[in-house]
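Let's take a walk through this one together, starting from a handful of charged side chains and working outwards. Keep the 3D view open as you read.

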Amino acid sequence: MSNQKKRIFQIEAFQNRVVVDPKYAEKTWKILEHAIHEIYNHNASGLSFEELYRNAYNMVLHKFGEKLYSGLVTTMTAHLKEISKSIEAAQGNLFLEELNRKWNDHNKALQMIRDILMYMDRTYIPDTHKTPVHELGLNLWRDNIIHSGKIQSRLLSTLLELVHRERTGEVIDRGLMRNIVKMLMDLGSSVYQEDFEKPFLEVSAEFYRGESQKFIECYDCGDYLKKAEIRLNEEIERVTHYLDAKSEGKITNVVEKEMIANHMMRLVHMENSGLVNMLLNDKHGDLGRMYNLSRRVPNGLAMIRDVMTSHLRETGKQLVTDAESLKDPVEYVQRLLDEKEKYDGIISLAFSNDKTFQNALNSSFEYFINLNSRSPEFISLFVDDKLRKGLKGVSEEDVEIILDKVMMIFRYLQEKDVFEKYYKQHLAKRLLSGKTVSDDAERSLIVNLKTACGYQYTSKLEGMFTDMKTSQDTTQGFCSSHPELTDGPTLVVQVLTTGSWPTQPSITCHLPFEMSALCEKFRSYYLGTHTGRRLSWQTNMGTADIKAIFGKGQKHELNVSTYQMCVLMLFNNADRLCYKEIEQGTAIPASHLKRCLQSMACVKGKNVLRKEPMSKDIGEDDSFFVNEKFASKFYKVKVGTVVAQKESEPEKQETRQRVEEDRKPQIEAAIVRIMKSRKVLDHNNIIAEVTKQLQSRFLANPTEIKKRIESLIEREFLERDNSDRKMYRYLA
Amino acid sequence: MPPRASKRKSAPPNSSTVTSSDGRSVSSKAKTKGMEKIDRLFNSYANSSLGVIDPDGIEALCSDLGVDYTDVRILMLAWKLKAGKQGYFTQDEWRTGMKALGVDSLSKLKKALCELEIEVGKPTNYEDFYTYAFRYCLTEEKQKSLDIDSICELLNLVLGAQFRPQVDVLVEYLKVQSDYKVINLDQWINFLRFCQEISFPDLGNYDSALAWPLILDNFVEWMRQKHS
């Protein structure tokens with residue numbers, strides 16, 4: 001190794017110090033400042049994007065970002081102040097236009113500036129947490145233009161003025177509005193809200209408050225609602241055209257509150273045009289409008305529903321207590337059906353099948369139908385009328401429709417067991433007199449009842465139909481096995497099973513000889529094939545067809561009841577009979593006999609008998625003759641009186657009593673059933689359970705239930721619990 | 001109490017004897033001696049042909065005891081004896097009763113009667129006594145209810161001392177109403193509960209939605225109407 005000096009690397013400083021031109025930043029800035037000026041003066045075409053970008057880039061690179069940024073702020077602010085002056089100077093309508101134009105310019109300028117200063121935007125600004133260029137531009141616009149003293153309030157009042165003009169029917173420049181509003185939105189939602197939306201809503205509220213006040217004084221309910229609806233739609237349209245979508249809910253709330261909610265009470269109850277009037281006159285359009293508008297308002301629907309309910313209950317109550325309609329059961333029920341149809345129509349057409357309204361309808365009907373305890377009887381009479389003659393010639397589908405409607409009313413009845421009792425009576429009369437229009441309709445109704453109330457309800461009714469059919473076969477069998485009787489009177493027998501048919505006291509009378517012999521023959525025939533049964537003739541329920549020849553030789557065939565036949569046959573052996581003789585000869589009970597004689601002697605067109613004296617009532621001393629002068633256009637004359645009628649007071653009491661008696665075992669059965677499964681149960685729960693179980697037949701009275709419980713305790717089916725007074729225990 | 005014929009029989013009493021080694025029971029000897037006195041007392045009132053104390057005998061017993069034969073204490077005695085038939089005491093009943101009272105002479109019986117009143121008054125016994133009183137009056141087999149007049153008398157006798165105001169009004173009502181011609185055991189028991197639980201005469205805590213018998217619901221309604 002030679003003696004070499006150790007080499008140490010040394011870095012020497014530049015011989016010449018590199019000096020950054022101190023004026024460099026200033027010079028560069030000036031270039032950029034000039035560019036900004038040009039941009040704002042619409043002279044941007046002469047600029048070189050690349051050069052400007054490079055300059056900005058260099059400034060930031062050489063740590064002059066601060067200068068650049070603050071220069072930007074200053075320059076832009078200065079320009080905006082100029083712009084502000086020019087906007088302020090604009091007159092009248094040109095104000096908004098000028099504002100809009102300058103805004104567009106500003107945006108274009110901002111974009112170019114942002115592009116030029118992009119490097120700063122991406123490096124210096126994030127590092128120093130300063131506002132980015134674009135946003136800065138918006139903020140400066142906001143602060144210097146929008147919030148400038150001379151512009152801020154003028155802008156707001158101009159916008160509101162335009163809205164007001166549009167509301168009063170003028171056409172405004174919606175495009176311009178949209179742009180201005182969009183500008184506010186771009187400046188930030190707080191600007192939009194504070195500088196426009198809030199005042200807008202306040203002014204609108206005032207406007208609508210005033211308008212609604214005016215309208216309510218001069219328009220009736222229907223017209224007012226039309227106006228309200230129009231205004232509502234206008235506002236919605238306004239929003240879509242030139243406001244922020246988020247404003248829709250707010251402005252509609254204002255309209256709803258001022259025009260609808262505040263006046264709801266007054267509108268609904270307006271005399272001669274309010275809700276009640278609309279309901280009465282089936283004004284579906286108005287009702288629909290009211291429904292839709294009320295839906296928008298808190299508790300609006302509830303109010304309408306309540307008014308409808310109380311009106312319906314009131315109307316219904318009048319219907320069922322109106323003395324006129326009570327005279328005619330068919331009319332009574334028809335009016336109920338009409339009312340139901342009316343409201344069904346309203347709810348489906350105007351209230352868009354709203355379930356809550358449907359429920360209100362149902363509860364109202366249930367309420368007033370049961371106010372009248374004769375409703376079950378009347379409904380049965382209505383059905384009876386229809387099945388006798390009302391449905392003659394009606395198509396099968398229409399029959400179904402009518403019966404369905406009746407079933408709907410039937411379901412509202414609380415005392416379905418009362419209905420059953422009457423229905424049975426009326427059905428019996430129909431079947432026995434052969435007066436039913438359509439067998440299919442009868443059957444169809446039974447099926448409907450079965451669906452509504454269960455099998456047990458209709459099993460007896462079906463039994464009645466079976467008896468009729470079987471009787472036909474029996475009668476045929478009797479006739480064919482006794483061919484020798486074909487010359488004499490024809491006997492048609494209906495054999496009724498006692499349990500299925502309504503209970504009647506068995507009253508017999510003295511039949512004419514020809515008939516009694518025949519009846520005996522039938523009895524032996526029947527008992528021959530059915531040993532162990534007992535037959536008893538129900539002479540109060542039969543009918544007869546007899547041929548009669550009167551004084552001038554006029555021949556008629558008379559259709560009469562069995563009783564009437566017995567009376568008339570007596571006159572084959574006597575010209576004149578007094579009441580007592582008739583009574584003795586026929587052994588018909590007095591009340592029936594009097595009715596029977598009345599129907600033959602006192603009714604015009606059916607007076608086959610003559611009575612002395614000619615009074616309307618039957619006295620015990622009256623005498624009777626055949627009416628030789630009897631005349632009728634028809635050969636066949638019907639004199640019978642077996643039609644189902646509305647019951648008289650005493651009959652009604654009797655039926656009601658029987659129903660009450662029938663209910664007792666049903667209640668007891670229910671109690672026993674429940675206690676058997678629960679073993680121990682407290683008083684209130686028993687009452688609730690029993691009521692629920694019996695609901696499909698009738699409304700059980702808690703006092704009655706208590707009575708039954710006590711009876712069961714006495715008969716040792718139940719006992720009270722020793723420790724807890726309220727509990728009952730089942731005794732096996 | 002008015003004597004009535006009854007076919008109800010009381011259960012025979014349970015007796016047990018202890019025999020000592022010498023073949024003769026010591027306690028039974030003592031028992032026999034005690035029983036002798038009791039039997040003697042029994043026989044002094046019994047109808048010799050029937051072998052039971054009949055209504056006449058009871059009347060005699062009452063006058064010897066210095067109580068009216070309609071006095072409630074006689075009813076209490078019957079309760080203690082668990083007498084089955086109204087107006088009659090059988091020998092077994094007598095024996096059981098006297099032993100339970102620890103009595104074998106008339107004078108002792110007199111004293112015991114007063115104590116008996118206290119014993120019956122105890123809550124645990126009172127309800128039992130009250131129920132017994134009703135059953136004691138059922139003379140026919142299968143009879144389940146008593147007519148209104150008897151009930152009123154019985155109410156006075158049994159509840160009169162403790163619940164005078166309630167009894168007075170209740171008796172008045174029972175005589176006036178026409179819904180019920182007889183009262184059954186269930187209703188009877190609830191009369192007592194009514195007196196015990198319901199504040200009177202305001203009836204503030206009466207709730208007709210509860211399981212009170214209907215007759216009491218009607219009674220309360222009647223009372224309220226009277227006072228309004």
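A:Glu166 is buried, with a relative accessible area of 12%. What does this carboxylate pair with? In this predicted model, A:Glu166 makes a salt bridge with A:Arg238, and the closest N and O atoms sit 3.0 Å apart. That contact ties together distant parts of the chain: A:Glu166 belongs to helix H8 (residues 149-167) of chain A and A:Arg238 to helix H11 (residues 221-242) of chain A, with the two positions 72 residues apart. The arginine is buried as well, at a relative accessible area of 2%. Because the cut-off for buried is under 20%, A:Glu166 at 12% falls on the buried side, and so does A:Arg238 at 2%.

Now stay on H11 and look at A:Glu237. This residue forms a salt bridge with A:Arg174, the closest N and O atoms being 3.6 Å apart. Again distant parts of the chain are linked, with A:Glu237 in helix H11 of chain A and A:Arg174 in helix H9 (residues 174-186) of chain A, 63 residues apart. How accessible is A:Glu237? Its relative accessible area is 39%, so it counts as partly exposed. A:Arg174 is partly exposed too, at 22% relative accessibility.

These two pairs belong to something bigger than a pair: A:Glu166, A:Arg167, A:Arg174, A:Glu235, A:Glu237 and A:Arg238 are linked in a network of salt bridges. If you want to see it, put those six side chains on display and follow the links from one to the next.

Chain B has a pair worth a look as well. There, B:Asp39 and B:Arg95 meet through their side chains in a salt bridge, at 3.0 Å from N to O. Which elements does it join? B:Asp39 lies in helix H1 (residues 26-45) of chain B and B:Arg95 in helix H4 (residues 91-101) of chain B, so to speak distant parts of the chain, 56 residues apart. B:Asp39 is buried, with a relative accessible area of 14%, whereas B:Arg95 counts as partly exposed at 28%. Over all chains, the count comes to 70 salt bridges.

Next, swing back to chain A and find its open sheet of three strands. The order is S3-S5-S4, and the pairing is antiparallel. Why do S3 and S4 each have a side without a neighbour? Strand S3 (576-578) and strand S4 (609-612) of chain A stand at the edges with a single partner strand each, so one side of each is left open in the sheet. From one strand to the next, the twist averages 30°.

Zoom in on one of those pairings. S3(A) and strand S5 (residues 623-626) of chain A run antiparallel and pair over three bridges. If you'd like a landmark, A:Leu577 has A:Phe624 in S5(A) as its bridge partner. Two helices then come into the picture. Helix H27 (residues 579-586) of chain A lies across S3 and S5 of chain A, running at about 85° to S3(A). Helix H28 (residues 590-601) of chain A packs on the sheet too, touching S4 and S5 of chain A, and its direction makes about 110° with that of S4(A).

Time to zoom out. Chain A has 31 helices and nine strands. Its radius of gyration is 49 Å, while a compact globule of 732 residues would come in near 27 Å. Along the principal axes, the C-alpha atoms of chain A fill a box of roughly 170 × 80 × 55 Å. Of the 732 residues in chain A, 44% are buried. Among contacts in chain A between residues at least 6 apart in sequence, 71% join residues at least 24 apart. Chain A exposes about 39,400 Å², with carbon and sulfur atoms supplying 51% of that area.

And chain B? How many helices and strands does it have? The tally for chain B is 10 helices and two strands, and from the N terminus on they run α-α-α-α-α-α-β-α-α-β-α-α. Buried residues account for 46% of its 228 residues. For contacts in chain B with a separation of 6 or more, 64% come from residues 24 or more positions apart. The accessible surface of chain B is about 12,100 Å², and 50% of it belongs to carbon and sulfur atoms.

Terms used
Residues are numbered from 1 along each chain as its sequence is written. Chains are lettered from A and ligands numbered from 1 in the order in which they are written. Side-chain values use heavy atoms; hydrogens and water are left out. A salt bridge is a side-chain nitrogen of Lys or Arg within 4 Å of a carboxyl oxygen of Asp or Glu. Helices (H or I, at least four residues) and strands (E, at least two) are DSSP runs, numbered from the N terminus. Buried means under 20% relative accessible area, exposed over 50%, partly exposed in between (1.4 Å probe, protein chains only). Two strands pair if DSSP finds at least two bridges between them. Axes are lines fitted to C-alpha atoms, for helices over the stretch in contact, and angles run from 0 to 180 degrees between N-to-C directions. Contact means heavy atoms within 4.5 Å. The radius of gyration is taken over C-alpha atoms; the globule rule is 2.2 Å times the number of residues to the power 0.38. Accessible areas come from the Shrake-Rupley method with a 1.4 Å probe; for residues, only the protein chains shown count as cover.
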